[in-house]
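Q: Please take a close look at one part of this model, the second largest pocket, and then at some side chains elsewhere. I am new to this structure, so keep it brisk.

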Amino acid sequence: MKPSYYVTTPIYYVNDVPHIGHAYTTLAADVLARYKRLKGFDVFFLTGTDEHGQKVEKAANAAGETPLELADRVMKRFQSLWDKLEISYSDFIRTSQERHKKGVSEFFKRVQDKGDIYLGEYEDWYCTPCETFWTETQLIDFKCPDCNRPTEKLKEESYFFRMSKYQEALLAHIEANPDFIQPKSRRNEIISFVKEGLRDLSVSRTTFQWGIPVPENDKHIVYVWFDALTNYITALGYPDEEGNFSKYWPVDVHLIGKDILRFHTVYWPTFLLAAGLPLPKKVFAHGWWTVEGQKMSKSLQNVVEPNMLVDKYGVDAVRYFLLREVPFGLDGDFSHSALIHRINSDLANDLGNLLSRSTAMLNKYFGGVLPEPGAPTELDQALREKAEGMVTQVDSYLDELAFSRALQSIWEVISAGNKYIDETAPWTLAKDPAQKERLGTVMYHMLEAQRISFLLLSAFMPKTAEKGLCSLGVVGEPDQSSFTWGGLKAGTTISKAEALFPRIDEKAE
Ligand code: MSP
């Protein structure tokens, strides 16, 4: 039986249209899902939309439609963007779906039956955009400490979750599992937060309608974060604990942005502890993108629209750029010139050139038919070892979610391939008929190194990798032996490759 692997993205709010920040989390999850499938795992990759809550209710009112009409409209924009970005999700959950609502009610009920949810009264400061309550001391000038927007004082009857009861258990879990919260800086941040003390958490609201009613008291609506976080198990069929739930839970990794760390590493695990369910294996918080040095915002009109980027530069260039430019976990800045630079230098020059020059040479010197390699020299051996090392490195970097370093490892082989050609100078060998076997060995090494590179690249740039592998005459689905040197067979016909990436004229842009 294949080992299982479960990866999730946050579910996106439907009161906003998708931008590169959303695309980023989803792309990262897609690369992991594709890579794990390539490695023989049975992968479940979940994404979806977070449709309930006051924010969506208000946005719908303002647009003169029902919250569900708004959600139907916006969720399609997410789905069509994911199609365009070649996101290979297994399931798309919407919190307005019956399967989800049923699972949330049951989850709420189980925690309540355990005595960990009680009815009380709430008085605190609420930030509607963040859907978060704050105590007065946490506010800065009575504004939300996260987003700096005005908060309002709310007093209402509310159900509370006994989060305080799980403080020690959570801390013990974080300490016993160094990989649970990553990167490390985020883990430390959460440890200090938990050590300061956990308060019981309000988990219901009476101020709006659009949500899931509390079981047996429909005056109350389940708090949006309680509702939203539960998507990770309702999509697996919870409360049915057979089937997908038993196969995929606990999740291997929840990918999130740094802004929603506390919800995923304090709220969610304590809910799960109360419900007696295993905790996620890993929560990884990535950084935020700014645009040309500024925060992305509607009011600054600088929101980078991924559809436009894909139309202009192509899907794989965008996929490559977002994961290569900034180490996952750190903040990064988006600029068109940085993107164009990556396309021209990494994709057109390094990758595209290597494939086109090497397939052209094979066609010129061997009529496009791959010869049997002869005895390798040190140079050949070094290239082979580099390619073999890349397979191991990419695996361990992706295990750490170091996407950028994984790509760097692949590019080391691409550069080594280009250098290898310069050093072996096939054009000189070709002039001497006595060097025919040597020339064949060189052809074999330069092309086989690319085969393995494209195989690994297929997780990042599916279309480009397909084109590359197709040019190299690779057919059929890869299996575990595909990662081993020697996959290209002598006698294979290899056509002259078209340019993978045209250069972009930055000035004209
Ligand atoms: N609905 C909640 C998540 C619930 S998960 C149970 C939510 N939605 S969101 O649409 O506002 O944000 C989703 C993700 O997009 C978050 O991980 C957030 O970090 C990410 N990003 C939003 N803007 C971003 C940038 N500018 N840069 C990088 N990621 C950003 O939060």
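A: A helix here is a DSSP run of H or I at least four residues long, numbered from the N terminus. The model is predicted.

Start with the pocket. The second largest pocket holds about 770 Å³ of space. Its lining counts 30 residues. Closest to the centre of the pocket are Leu-455, Leu-469, Gly-476, Glu-477 and Pro-478. Three helices each give at least two residues to the lining: α1 (20-38), α17 (436-457) and α18 (462-471). Helix α18 supplies the largest share, six residues.

Next come two lysines that sit over rings. Lys-36 lies over the face of Phe-41, 4.6 Å from the ring centre. Lys-39 lies over the face of Phe-483, with 4.1 Å to the ring centre.

Now turn to rings that pair with rings. The whole structure has 34 aromatic pairs. One of them joins Phe-78 and Trp-82. Their ring centres are 5.9 Å apart and their planes meet at 55°. Planes under 30 degrees apart would count as stacked and those over 60 as edge-to-face, so this pair is tilted. Both residues belong to helix α3 (residues 67-84). They are four residues apart, about one turn of the helix. Phe-78 has a relative accessible area of 0% and is buried. Trp-82 is also at 0% relative accessibility, and counts as buried.

Phe-245 and Trp-249 make an aromatic pair of the stacked kind. Here the centres are 6.4 Å apart, with 15° between the planes. Both Phe-245 and Trp-249 are buried.

The last stop is a charged side chain. Arg-94 is found in strand β4, which covers residues 91-94. Its relative accessible area is 11%. Buried means under 20%, so Arg-94 is buried. The side chain of Arg-94 makes a polar contact with the side chain of Glu-51, at 2.7 Å. Leaving aside residues up to four places away in sequence, Arg-94 touches Thr-49, Glu-51, Leu-68, Ala-71, Asp-72, Met-75 and His-100. Glu-51 thus appears twice for Arg-94: as a polar partner and among the residues touched.

To recap the pocket: α18 gives the lining its largest share, while α1 and α17 also each supply at least two residues.

Note on methods: Residues numbered from 1 in each chain as written. Predicted model: local features only at pLDDT ≥ 70, side-chain atom pairs only at ≥ 80, totals over all residues. Heavy atoms only, no water. Buried < 20%, exposed > 50% of the residue type's maximum accessible area, 1.4 Å probe, protein only. Polar contact = N/O pair within 3.5 Å; in protein donor to acceptor, adjacent residues only side chain to side chain. Contact = heavy atoms within 4.5 Å. Phe/Tyr/Trp six-rings, centres within 6.5 Å; stacked < 30°, edge-to-face > 60°. Lys NZ or Arg CZ within 6 Å of the ring centre and 35° of its normal. 1 Å grid on protein atoms, 1.4 Å probe; cavity = no way out; pocket = protein on both sides within 12 Å on 5 of 7 lines; lining within 4 Å. Points joined across faces, edges and corners; volume = space filled by probe spheres on them.
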